[in-house]
Amino acid sequence: VTEGYRLAFQLATLVSGIVWLSHMIACLWFVIGRAAPSDTGFRWVTYVSSGNDLDYLDTGAVYQYMVAFHWALGQITLFGTNAAPTNSLEQAFFVFAMMFGF
């Protein structure tokens, strides 16, 4: 196996790991926003704009997943999104995701 193939495999493995980690964080972020207890009475899913007249939770599953995935990828790569934590559990998960993604 040549050096180029080995490096390509390592790069593909790294990218796959980042995508998998982002997926797991996105799923947890969505579940926390959708179903976890809230000490403030607010949830991030009720404050995210869908870019049209629909509420975020009234949009399709693919759009909801992509917003959560975008947020998760942002925690790993340190770019921001418009989905922000609105209660203590969301804030704790946000801090965890930032530390884990760093």
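Contact here means heavy atoms within 4.5 Å. With that in hand, here are the views of this predicted model.

**View 1. The whole chain is built from helices, three of them.** Starting at the N terminus, the elements simply go α-α-α, and there are 0 strands. The radius of gyration is 16 Å, well over the 13 Å that the globule rule gives for 102 residues, so the chain is more spread out than a compact globule. Lay the C-alpha trace along its principal axes and it spans about 55 × 30 × 20 Å.

**View 2. Contacts link residues far apart in sequence.** Take the contacts in the chain with a separation of 6 or more: 58% of them join residues 24 or more positions apart.

**View 3. The largest nonpolar core holds 18 residues.** Ile25, Trp29, Trp44 and Trp71 are the ones touching the most other members. Helix 1 (3-35), helix 2 (61-77) and helix 3 (88-101) each chip in at least two residues, with helix 2 giving the most, at 6. In soluble globular proteins, nonpolar side chains tend to be buried together.

**View 4. A close look at Trp44 and what it touches.** Leaving out residues up to four places away in sequence, Trp44 touches Trp29, Phe30 and Gly33, then Tyr56, Val67 and Ala68, and finally Ala83, Ala84, Thr86 and Glu90. Trp29 also sits with Trp44 among the core residues that touch the most other members.

**View 5. The surface, and what lies under it.** The accessible surface of the chain comes to about 6500 Å², and carbon and sulfur atoms make up 70% of that. Of the 102 residues, 27% count as buried.

Definitions and conventions: Residues are numbered from 1 along each chain as its sequence is written. This is a predicted model: local features need pLDDT of at least 70, side-chain atom pairs count only at pLDDT 80 or more; totals for chains, interfaces and linings use all residues. Side-chain values use heavy atoms; hydrogens and water are left out. A nonpolar core is a set of buried Ala, Val, Leu, Ile, Met, Phe, Trp, Tyr and Cys residues joined through side-chain atoms within 4.5 Å. Buried means under 20% relative accessible area, exposed over 50%, partly exposed in between (1.4 Å probe, protein chains only). Helices (H or I, at least four residues) and strands (E, at least two) are DSSP runs, numbered from the N terminus. The radius of gyration is taken over C-alpha atoms; the globule rule is 2.2 Å times the number of residues to the power 0.38. Accessible areas come from the Shrake-Rupley method with a 1.4 Å probe; for residues, only the protein chains shown count as cover.
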